[in-house]
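Let's take a walk through a protein together. Keep the picture in view as you read, and look for each part as it comes up.

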Amino acid sequence: MYLLDTHALLWFLQNDKQLGKTALEIIEHNDVCVSMASLWEIAIKNSLGKLELPLPFDEIFPKQLLINDIAILPIELMHLKMINKLDFYHRDPFDRLIIAQALNNDLTLISKDGKFADYDVNLLW
């Protein structure tokens with residue numbers, strides 16, 4: 001199973017060419033999920049005016065996740081415990097949680113973020 005980083009989810013939903021061809025193929029033909037942390041990050045950035053969405057947040061989510069068969073990975077205590085074990089290669093709290101979830105659930109992370117490679121996480125782009 002694959003876990004989408006926040007930008008991968010947004011680029012997929014917006015048909016953005018920044019999403020690599022390999023990543024697009026994987027998303028379209030495999031079981032994928034997105035962290036609740038990514039949805040939280042999108043909602044926060046959208047409410048602060050730092051991220052513009054084509055439609056209001058509640059019109060996009062969860063509708064587009066259902067249409068595209070993207071599951072939501074909840075945040076669990078085991079993920080938060082894993083954060084305490086992570087080195088501080090990456091300082092962004094949302095990304096650290098996504099890394100912890102990928103490691104804890106043995107998921108391949110779909111991300112262009114180069115800092116993710118510093119962790120022992122399965123990474124695809």
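Before we start, one term: a helix here is a DSSP run of H or I with at least four residues, and helices are numbered from the N terminus. Bear in mind, too, that this is a predicted model.

With that in hand, find helix H6, where His79 has its place. Is His79 buried or exposed? His79 has a relative accessible area of 0%, so it counts as buried, since the cut-off for buried is under 20%. And what is His79 in contact with, once we skip its neighbours within four places in sequence? The list is Pro74, Leu97, Ala100, Gln101, Asn104 and Asn105.

Now hop over to helix H7, which covers residues 93-105 and holds Phe94. With a relative accessible area of 17%, Phe94 is also under the 20% cut-off, so it counts as buried. Leaving out neighbours within four places in sequence, Phe94 is in contact with Ala37, Trp40, Glu41 and Ile44. Here's a fun pair to look up: Phe94 and Leu39 sit 55 residues apart in sequence, and their C-alpha atoms are 9.9 Å apart in space.

One of those contacts of Phe94, Trp40, belongs to helix H3. Trp40 has 48% relative accessibility, so it is partly exposed. Trp40 is also part of a nonpolar patch on the surface, together with Met36, Ile44, Leu48, Ile72, Ile75, Leu77 and Leu80. Together these residues have about 720 Å² of accessible area. Two elements give two or more residues to the patch: helix H3 (36-47) and helix H6 (77-83). Which one gives the most? That's H3, with three residues.

Time to go inside. The largest nonpolar core has 22 residues, and the ones that touch the most other members are Leu9, Ile70 and Ile110. Strand S1 (2-4), helix H1 (6-13), helix H2 (21-29), strand S2 (32-35) and H3 each give two or more residues to this core. H1 gives the most, with five.

Take Ile110 as your guide here. Beyond its neighbours within four places in sequence, Ile110 is in contact with ten residues' worth of names you can tick off: Tyr2, Leu3, Leu4, Asp5, Ala8, Ala23, Ile26, Ile27, Leu124 and Trp125. Apart from this core lies another one, made of 17 residues, including Met82, Ala100, Ala102 and Tyr119. You have met Ala100 already, as one of the contacts of His79.

Key: Residues numbered from 1 in each chain as written. Predicted model: local features only at pLDDT ≥ 70, side-chain atom pairs only at ≥ 80, totals over all residues. Heavy atoms only, no water. Patch = residues over 30% accessible without salt bridge, like charges linked within 9 Å, V, L, I, M, F, W, Y side chains within 5 Å. Areas by Shrake-Rupley, 256 points an atom, 1.4 Å probe, with all protein chains shown as cover. Salt bridge = Lys/Arg side-chain N within 4 Å of Asp/Glu carboxyl O. Buried < 20%, exposed > 50% of the residue type's maximum accessible area, 1.4 Å probe, protein only. Contact = heavy atoms within 4.5 Å. Core = buried A, V, L, I, M, F, W, Y, C linked by side-chain atoms within 4.5 Å.
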